[in-house]
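This report introduces a structure to a reader who has not met it before. The sequence and the coordinates are shown first.

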Number of protein chains: 2
Amino acid sequence: MTQRFSYQLQSTDGQARQGIVHTPRGDIRTPAFMPVGTAATVKAMMPSSVRETGADILLGNTYHLMLRPTAERIASLGGLHRFMNWDGPILTDSGGFQVMSLAELRKLTEEGVSFRSHIDGSRHMLTPERSMEIQRLLGSDIVMCFDECPALPADRARLESSMQLSMRWAQRSRDAFGDRPGHALFGIQQGGDDEELRGQSAEALRAIEFDGYAVGGLAVGEGQEIMFRVLDYAPAMLPTDKPRYLMGVGKPDDLVGAVKRGIDMFDCVLPSRSGRTGQAFTARGVVNIKNARHQDDPRPLEEGCPCPACSGYSRAYLHHVFRAKEIISSMLLTWHNLTYYQRLMADMRAAIAEQKFAEFEAKFHAGRAQGDVEPV
Amino acid sequence: MTQRFSYQLQSTDGQARQGIVHTPRGDIRTPAFMPVGTAATVKAMMPSSVRETGADILLGNTYHLMLRPTAERIASLGGLHRFMNWDGPILTDSGGFQVMSLAELRKLTEEGVSFRSHIDGSRHMLTPERSMEIQRLLGSDIVMCFDECPALPADRARLESSMQLSMRWAQRSRDAFGDRPGHALFGIQQGGDDEELRGQSAEALRAIEFDGYAVGGLAVGEGQEIMFRVLDYAPAMLPTDKPRYLMGVGKPDDLVGAVKRGIDMFDCVLPSRSGRTGQAFTARGVVNIKNARHQDDPRPLEEGCPCPACSGYSRAYLHHVFRAKEIISSMLLTWHNLTYYQRLMADMRAAIAEQKFAEFEAKFHAGRAQGDVEPV
């Protein structure tokens, strides 16, 4: 195990990249999907089960954890890894995105964001310095810069001033983070769907120097077409010798399109949240397990899937426990969805290593085109 | 693996008995606690995890399963074992108790009970013959007679007419069950807290002949004192060469007192239901994990407990996820409680085998007397 954080690019196929992020807590095979453990748990999953799906790293949410149980409490209990019983790497977001979407009475200034907790109404302030402190208290392996991010569409003036604020905050984050061997700080590119602003943001971040770079400000309502248009140029503006992380993305076809355009890391609540609402991802598309057509179906959710939901149960059972609102429904469907996502990432890594990403992509889309309509 | 159902009494200590129930699907070490899998799932648990806690057998509820997903559907999908992915023995109740406590517009006649489903309002009829048919469709290994059971206190006339009806239904259950090698039918003793009626009921059941005998009509509001008073005489009225099952019991001290009085099998929703409401059973008593005193406590729920909740997490974490309403809270606390119950049963089996039940009982009560109040 290395004691330093580093990125090793192993192979490329077009813009797609396959590699390894080395961290003191273990390697992250990229392209990587990070399951989201918002409140110190990947909902409905044991950490050991998350690991079994193939996950190398989890994401924790600074905003949620600072409010409950608080970063100070987690620190006094030995840090987030011990607290949630996950010994692999953890990436924490900065709290910047969620404070703007979840908190109450929020006020944005040059200094940071003041707000009231959506849980108990208590007053708080998040700044680049406070965000760095919280992420240090949590013991995060990959720390994200504190940033601000407008929803799309937004006019150029709004995108520009927001991006410039985020770049000033990026410098303050870098200064506050200091020198922490084995821990990484990622900068976040902003600029919305404006190529010139994306370029300016990338330049500013490169000047500061980070251990990795996120493409921020996407997956905020703009749709896949605009997102891919931005990804056609944004990743290439970032250093090739550092990992590139697309925040908050996404659906399976979003991941494939983003990997194709040079992204290495992803996080999204979609596979776990969908598991709780009865939606299952498969190579043939989405299965809505609550539909009555599954009630007598003895087949597994997805043939060949090694997850416990598919190896142990029929669609009829999954339909029954979903309808009966049984907890095992969330457990099994989340397990399946995270397994599906990790297998998708593994398939993409293999395809890139073999220079067969185009074949992979064609097969991926062909499978989905079949739809989930075959007879028993 | 035997192809027949049989009970092997291995040792006794006073009235307490230790033995093995042999079934084609595996042995049941007695005294045994059966976790309840009402709707084809032990809530918040994977079947493999239930097995890991030490459970040899599960209980399924006829009333719930006949309504959703229906016994016919489970039969067409290969039976309850395959449906819920549990290959050990399953005992099913008759539906008689729950139809009287959960169903709507129920009407009791000599023939049986007609009622409306509490789920969708559909009309149904449960009779001894229909109950036997449903339990056969489910593939139950241990089938319970269809009976009727008044809440206590009840006057003697009510207890007597109810017991006599249950005995007529016991004969009809026996006739309808027929000859099913490898599957067992248990009779259910009634008579409330009336010793004479208990004796008449036991005599009637012994005349019919069953593979095991339940002490029914307890845990219906009468309290532990009256329950133990009945158990001072009721089990001894039943054959010594067949297992004795106390239905719907109970708290840990109920189990200890009932084993002492000659009971071999138990079922109860308490450990799983309490797990979901934040109550944990330990050798030192009940821990209410929602209490603020746990929020900074780095200790495990119970020292020395091998379950994942105790080996992987602090009380502070369990407090946090309970407060945050995370699913893992129900998963971990249920896992702990079922582990506690199975360890309690294992300890009692060992104590009886070593003729040390009195020492076990003294230690059990001494541990609880300490209370869960020790400093960190």
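The following paragraphs treat strand pairing and internal cavities.

The model is predicted: local features need pLDDT of at least 70, side-chain atom pairs count only at pLDDT 80 or more, and totals for chains, interfaces and linings use all residues. Residues are numbered from 1 along each chain as its sequence is written, and chains are lettered from A in the order in which they are written.

In chain B, three strands (DSSP runs of E, at least two residues, numbered from the N terminus) form an open antiparallel sheet in the order β1-β2-β3. Strands β1 and β3 of chain B lie at the edges, each pairing on one side only; strands count as paired if DSSP finds at least two bridges between them. In chain A, strands β8 and β9 form a hairpin with six residues between the strands, where A:Gly121 takes a positive phi near 75°.

Two antiparallel pairs are set out below.

| Strand pair | Bridges | Bridge partners |
|---|---|---|
| β2 (16–23) and β3 of chain B | five | B:His22 and B:Asp27 |
| β8 (113–116) and β9 (123–126) of chain A | four | A:Arg116 and A:Arg123 |

The whole structure holds four cavities of 30 Å³ or more. A cavity is a set of points on a 1 Å grid over the protein atoms alone where a 1.4 Å probe fits but cannot get out, and lining residues have an atom within 4 Å of a point. The largest has a volume of about 50 Å³, the volume being the space filled by probe spheres set on the points. Residues from both chains line the largest cavity, among them A:Tyr313, A:Ile328, B:Thr41 and B:Met84.

How values were computed: Heavy atoms only, no water. 1 Å grid on protein atoms, 1.4 Å probe; cavity = no way out; pocket = protein on both sides within 12 Å on 5 of 7 lines; lining within 4 Å.
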